Amino acid sequence: MPATETLNEARRVMQICNACRYCEGYCAVFPAMNKRLTFSEGDVTYLANLCHGCQGCYYACQYAPPHEFAVNVPKTFAELRAETYRDYAWPGMFKGLFEGNAKWIGLITAVLSLAVLIGVFVIQGADVLGGVHTGPGAFYKVIPHNVIVYLAIIPFAFAGLAFLVGLLKFWRDIGSKASDLLDPRALAQAFKDAGQMKYMAGGGHGCNYPDDNFSMARRHAHQMTMWGFLLCFAATSVATLYHYAFGWEAPYDYLSIPVILGTVGGIGIVIGPIGLLMIKKKADPAPQDTKRKGMDIAFLWMLILTGVTGLALLALRETAAMGTLLAVHFGIVLALFATFPYGKMSHAVYRLGALIKFAHERRS
């Protein structure tokens, strides 16, 4: 479980908020809070991961600093969330990756990108790496298809397993039954709320970004990032179907479904994170967990690099730069998969779990 002082502060804040209830229309946290008279460790862990950090309650609160009660729900919950990411990490020996996260992500990305590039150069030779390859199967002349599949599936499957183990730990700690996690109606509601970023709208006016005025900019940037990532995943899935079901080898035509999905998705994971970086730069630090700001920024830059190198590969795939771009892009994707469970991406898993529980509570 998270540190005792963090849990105690979260309980103290919730007890004050539960007595006040001024912000009960702001997001999912407060209706869920209203169902409780006391707050266990699991309760505040659940509420912290249900919080979307819109910060509306902070600016509306009459007990916020410099009041002696010093109620700061967004910051308190952000700190608690970060501690849950670390504590639920699997295997436990990788928990340390949450400390100095930006440094580790940068190092892993550099090492894997360089390793793939050097590996292609040594095994395939400079002529292949710097050659011009066109037509079906051109990518696989640089990196064989089976090598791409086997190298990618290992970190991707490992990340999926790590997230599943962490989610089950979280689900147990917040006092929910295992069967409820797969309840169809709760899942449908949770995915709908997550897809719409419903609770990033605060009380309906958006987040307090990037200045003292409320705005939907953060919500829209998050939506662009999320849907961009999902479109890239859809592009890969369709390309996999093309390869194994129809025997069609990449690269595909510019107007093919995988390329269209990948292009739109790539643009999304470039523009969305850039927007979030700009918002973070101008944001008020008071209601934020500034100690873990590096983790947020590192993840956004990882997405940007993935999108930029992917789009560059698409644009220059019929030139001598294709081999180098493919190796670098593939290395970055491997690093993205490998670091997923040990960085900011964790918030998507635990927040979804919290939304599933909230869907159950609303029905009851």
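Helix α1 covers residues 4–20, and its 17 residues should span 24 Å at 1.5 Å a residue. The end C-alpha atoms of α1 are 24 Å apart, which agrees. This is a predicted model. Salt bridges number 10, and a search of the whole structure finds 18 aromatic pairs.

**Helix α1**

- The buried residues of α1 are T6, L7, A10, V13, M14, I16, C17 and N18.
- An α-helix has 3.6 residues a turn, so residues three or four places apart point the same way.
- Cover for the buried residues of α1 includes α2 (29–34), α3 (41–50) and α5.
- R21 comes just after α1 and takes a positive phi of about 65°.

**Helix α13**

- Helix α13 runs over residues 293–315, a stretch of 23 residues.
- At 1.5 Å a residue, α13 should span 33 Å; the end C-alpha atoms are 33 Å apart, so expectation and model agree.
- Buried residues of α13 include M295, D296, A298, F299, L300 and M302.
- L303, I304, T306, G307, T309 and L313 are also among the buried residues of α13.
- Helices that cover the buried residues of α13 include α5 (73–87), α6, α8 (138–142) and α11 (217–246).
- The cover of α13 also includes α12 (257–282) and α14 (322–339).

**Salt bridges**

- Side chains of opposite charge can pair when their charged atoms come close.
- K280 and D296 meet through their side chains in a salt bridge, at 3.1 Å from N to O.
- This pair links distant parts of the chain: K280 sits in helix α12 and D296 in helix α13, 16 residues apart.
- K280 and D296 are both buried.
- R172 and D173 form a salt bridge through their side chains, with 3.2 Å from N to O.
- R172 has a relative accessible area of 56%, so R172 is exposed.
- D173 has a relative accessible area of 22%, so D173 is partly exposed.
- R292 and D289 form another salt bridge, with the closest N and O atoms 3.2 Å apart.
- D289 has 10% relative accessibility and therefore counts as buried; the cut-off is under 20%.
- R36, D43 and E361 are joined into one network by salt bridges that share partners.

**Aromatic pairs**

- A pair of aromatic rings is described by the distance of the centres and the angle of the planes.
- The structure holds 18 aromatic pairs.
- F94 and F158 have ring centres 6.4 Å apart and planes at 80°, so this pair is edge-to-face.
- F94 lies in the loop between α5 and α6, while F158 lies in helix α9 (residues 145–173).
- The F94 and F158 pair links distant parts of the chain, 64 residues apart.
- F94 counts as partly exposed because its relative accessibility is 27%.
- F158 is also partly exposed, with a relative accessible area of 30%.
- Y199 and F358 form an edge-to-face pair, at 6.0 Å centre to centre and 80° between the planes.
- Y199 is in the loop between α10 (184–196) and α11, and F358 is in helix α15 (residues 346–363), so the pair ties together parts 159 residues apart in sequence.
- Y199 and F358 are both buried.
- F156, F229, F233, F337 and F340 are linked into a cluster by ring pairs.

**Surface patch and I118**

- A nonpolar patch on the surface is formed by L114, I118, F121, V122 and I123.
- Together these patch residues have about 540 Å² of accessible area.
- I118, one of the patch residues, lies in helix α6 (residues 101–124).
- I118 is partly exposed because its relative accessible area is 45%, and the partly exposed class lies between the 20% and 50% cut-offs.
- I118 and A327 are 209 residues apart in sequence, yet 8.8 Å apart in space, C-alpha to C-alpha.

Key
Residues are numbered from 1 along each chain as its sequence is written. This is a predicted model: local features need pLDDT of at least 70, side-chain atom pairs count only at pLDDT 80 or more; totals for chains, interfaces and linings use all residues. Side-chain values use heavy atoms; hydrogens and water are left out. Patches are made of residues with over 30% relative accessible area and no salt bridge: like charges are joined within 9 Å, nonpolar side chains (Val, Leu, Ile, Met, Phe, Trp, Tyr) within 5 Å. Accessible areas come from the Shrake-Rupley method with a 1.4 Å probe; for residues, only the protein chains shown count as cover. A salt bridge is a side-chain nitrogen of Lys or Arg within 4 Å of a carboxyl oxygen of Asp or Glu. Helices (H or I, at least four residues) and strands (E, at least two) are DSSP runs, numbered from the N terminus. Buried means under 20% relative accessible area, exposed over 50%, partly exposed in between (1.4 Å probe, protein chains only). The expected span of a helix is 1.5 Å times one less than its number of residues. Contact means heavy atoms within 4.5 Å. Rings of Phe, Tyr and Trp (its six-membered ring) pair if their centres lie within 6.5 Å; planes under 30 degrees apart count as stacked, over 60 as edge-to-face and the rest as tilted.
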